[in-house]
Amino acid sequence: MKLGRIVAIFLLLAPVLGYASEPVWMRDVTVLADDSMEGRAAGSNGSALSRQYIISRYKEIGLLPLHSLDSFTHPFSAENKGKQINGTNIVGKLDGKIERYIVVSAHYDHIGRKGRRIFNGADDNASGVAAMLYLAAQSQAQSRQCHQVFLAPDAEEHGLLGARAFVKAGLLESDTIFVNLNLDMLSQPGGREEVLVSGNLSHPRFNRLIEDIEIASNMPMIATDERRRVGRFPNLSDRRKVSDHAAFAEQGIPFLFLGVGRHNYYHTPRDTVSRIDREFYAKTVDIAWQYLQQLDALCAQH
Ligand SMILES: [Zn+2]
């Protein structure tokens, strides 16, 4: 089925199904984790369909392509365990006043299907992409200090291939990237109402920023490193290559990662929209927005 038709049917049915009253991130996550997207494996038809949808949302929000790309797509080809993977990152930007970039990232690929079982990847990572789209729309509606880039990497599940290809392509000068804010899995508390944070900025203001958001949102921010929960302070290097921020860290670019960590539905066909904890997810989306605003303010002082 063509994307236009799926979206048309969805919009037609939305009021009937009660989606009209849904927050915008729930609508986006519902489309991206639909069976028609077939689990969004890099190179699949479902991946192409999800890409069309994300690009249509970039246009709707008013993002612009990077000068160095002149479209919203960044195709790449990379090797993983002897296998050639062709993927396509999605990139858009909003201009600020200062020549520095905040790169918000959320991978849109997932692990696809095995036979008839579809791995919808609602939490991993349709939830991060939908949150990123919300951040882009919020940012678009107000003025910014630094430029903001919204990057949906492909082939994260193959070993961060898209994010690494993006960083290595030099589409942005790496020394002009103030921070990478990486969102990966925001909608499943897995029994623990907390957000895992990691980052490699040893900046006192950065700790303060996390503490401020923790207090304002009443949500515990738990620093992680390796397999341990290490407590409150996130100025640690994240050596676990759990998500795309590692691609930035490898080039010495500061990052901040927000996610919920592994849970029972992680990488199973049960990671579906119906299992999203909507109340928790609404909080993490707002928290991600607070991070972006605070990082923009910090970027201006830097
Ligand atoms: Zn993920």
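Biologist: Which residue takes a positive phi in the hairpin of strand 1 and strand 2?
Modeller: Happy to start there, bearing in mind that this is a predicted model. Strand 1 (residues 73–80) pairs with strand 2 in the antiparallel sense, over eight bridges. Two residues sit between the strands of this hairpin, and the one with a positive phi, near 50 degrees, is K81.

Biologist: Thanks! Which residue of strand 6 stands opposite K93?
Modeller: Strand 2 (residues 83–94) has nine of its 12 residues buried. Five bridges join strand 2 to strand 6 (residues 146–152), and the two run antiparallel. Across from K93, in strand 6, stands V149.

Biologist: Now the metal: why does the arrangement around the zinc ion count as irregular?
Modeller: Good one to check by eye. The protein donors are H107 (NE2), D124 (OD), D184 (OD) and D184 (OD), at 2.0 to 2.6 Å from the zinc ion. A tetrahedral site would need all angles between 85 and 135 degrees. The four donor atoms here make the arrangement irregular because they subtend angles of 52 to 149 degrees.

Biologist: How many residues apart in sequence are the parts that D124 and D184 tie together?
Modeller: Both of these residues are buried. D124 belongs to helix 4 (residues 122–140), while D184 is in the loop between strand 7 (177–183) and strand 8 (195–199), so the pair ties together parts whose separation in sequence is 60 residues.

Biologist: And which helix gives the largest share of the largest nonpolar core?
Modeller: That core has 67 residues, and those touching the most other members include F150 and Y291. F150 touches Y58, L135 and L292, among others. The largest share, 11 residues, comes from helix 8 (residues 278–301).

Notes:
Residues are numbered from 1 along each chain as its sequence is written. This is a predicted model: local features need pLDDT of at least 70, side-chain atom pairs count only at pLDDT 80 or more; totals for chains, interfaces and linings use all residues. Side-chain values use heavy atoms; hydrogens and water are left out. Donors are N, O and S atoms within 2.8 Å of the metal (3.2 Å for Na, K and Ca); water is not among the atoms, so sites may look incomplete. Four donors count as tetrahedral if all angles lie between 85 and 135 degrees; four count as square planar and six as octahedral if opposite donors are over 155 degrees apart and all others between 65 and 115; anything else is irregular. Helices (H or I, at least four residues) and strands (E, at least two) are DSSP runs, numbered from the N terminus. Buried means under 20% relative accessible area, exposed over 50%, partly exposed in between (1.4 Å probe, protein chains only). A nonpolar core is a set of buried Ala, Val, Leu, Ile, Met, Phe, Trp, Tyr and Cys residues joined through side-chain atoms within 4.5 Å. Contact means heavy atoms within 4.5 Å. Two strands pair if DSSP finds at least two bridges between them. Lists of a residue's contacts leave out its neighbours within four places in sequence.
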